[in-house]
Amino acid sequence: MKDYAMIIRAMGEMEIHSFSCAELPKTCPVEALLPEDKDRADMINWLGAQLDGASAAEVIADDTRRAQVEQMAAYLLSQTEHVPDDDDYVLLLILREKWPVGSKAKFKLKAERVSAEFTYHFLVCPPQKGVTPDDDDALQTAETQSLAAMLPVLKANRKHFAASSGLQQFLQQVAQQR
């Protein structure tokens, strides 16, 4: 029997955080920080805001706030269609959404519900097997394989992500390598 749990790596705009998760939460972990009539978009926008901007490093450095980020990432993962196995490596992308001209007011109101400056997309990359938390090379390989598996989806949907998104930079790097 393996002695490690699922490894979740949450990649936001400014901060990337990895953690092990023994059990996915069954309820929303930060209810008090969200509007009473919260929806999935509010949860994603809250998580995205925690991993974005100048305060993102402070969030990860603070034990309480980091735990909230980890619990929310794990909860959102638990709500996806295909929940990974207990010992998988899973890369989550939480990236800024592009606000179409003429619709900014609607998007801004949605972001402000959770004190965010942007709205975000939440993407789950294909899980990778056989990765242990103490093997940095295997973790890097798993991240690369996860992103490579998502390339067709990311390329096809690149217009949905903000120009400032780390995704746009990643896609430019991939294009230059080819």
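Here is a quick tour of the sheet, the helices packed on it and the largest pocket in this predicted model.

**The sheet**

Let's start with the strands. Four of them, in the order β2-β1-β3-β4, make up an open sheet with mixed pairing. Who sits at the edges? That would be β2 (16-21) and β4 (120-124); each has a single partner strand, so one side of each is left without a neighbour in the sheet. Going from one strand to the next, the twist averages 20°.

In general, strands of a sheet pair through backbone hydrogen bonds, and they can do so in parallel or antiparallel fashion. Here, β3 (residues 89-96) and β4 go for the antiparallel option, with 5 bridges between them. To spot this pair on screen, look for R96, which stands opposite Y120 in β4.

**Helices on the sheet**

Two helices that pack on the sheet are listed here.

| Helix | Residues | Strands touched | Angle between directions |
|---|---|---|---|
| α1 | 40-50 | β3 and β4 | about 95° with β4 |
| α5 | 136-156 | β1 (6-11), β3 and β4 | about 50° with β3 |

**The largest pocket**

Now for the largest pocket, which holds about 250 Å³ of space. It is lined by 13 residues, and the ones closest to its centre are M11, L95, G166, L167 and F170. Which elements supply at least two residues each to this lining? They are β3, α5 and α6 (166-177). Helix α6 gives the most, with 5 residues. As for the chemistry of the lining, 7 residues are nonpolar, 4 are polar and 2 are charged.

Note on methods. Residues are numbered from 1 along each chain as its sequence is written. This is a predicted model: local features need pLDDT of at least 70, side-chain atom pairs count only at pLDDT 80 or more; totals for chains, interfaces and linings use all residues. Side-chain values use heavy atoms; hydrogens and water are left out. Two strands pair if DSSP finds at least two bridges between them. Helices (H or I, at least four residues) and strands (E, at least two) are DSSP runs, numbered from the N terminus. Axes are lines fitted to C-alpha atoms, for helices over the stretch in contact, and angles run from 0 to 180 degrees between N-to-C directions. Contact means heavy atoms within 4.5 Å. On a 1 Å grid over the protein atoms alone, a cavity is a set of points where a 1.4 Å probe fits but cannot get out, and a pocket is an open set with protein on both sides within 12 Å along at least five of seven lines; lining residues have an atom within 4 Å of a point. Grid points are joined across faces, edges and corners, and a volume is the space filled by probe spheres set on the points. Ala, Val, Leu, Ile, Met, Phe, Trp, Tyr, Cys and Pro count as nonpolar, Asp, Glu, Lys and Arg as charged, and the others, Gly among them, as polar.
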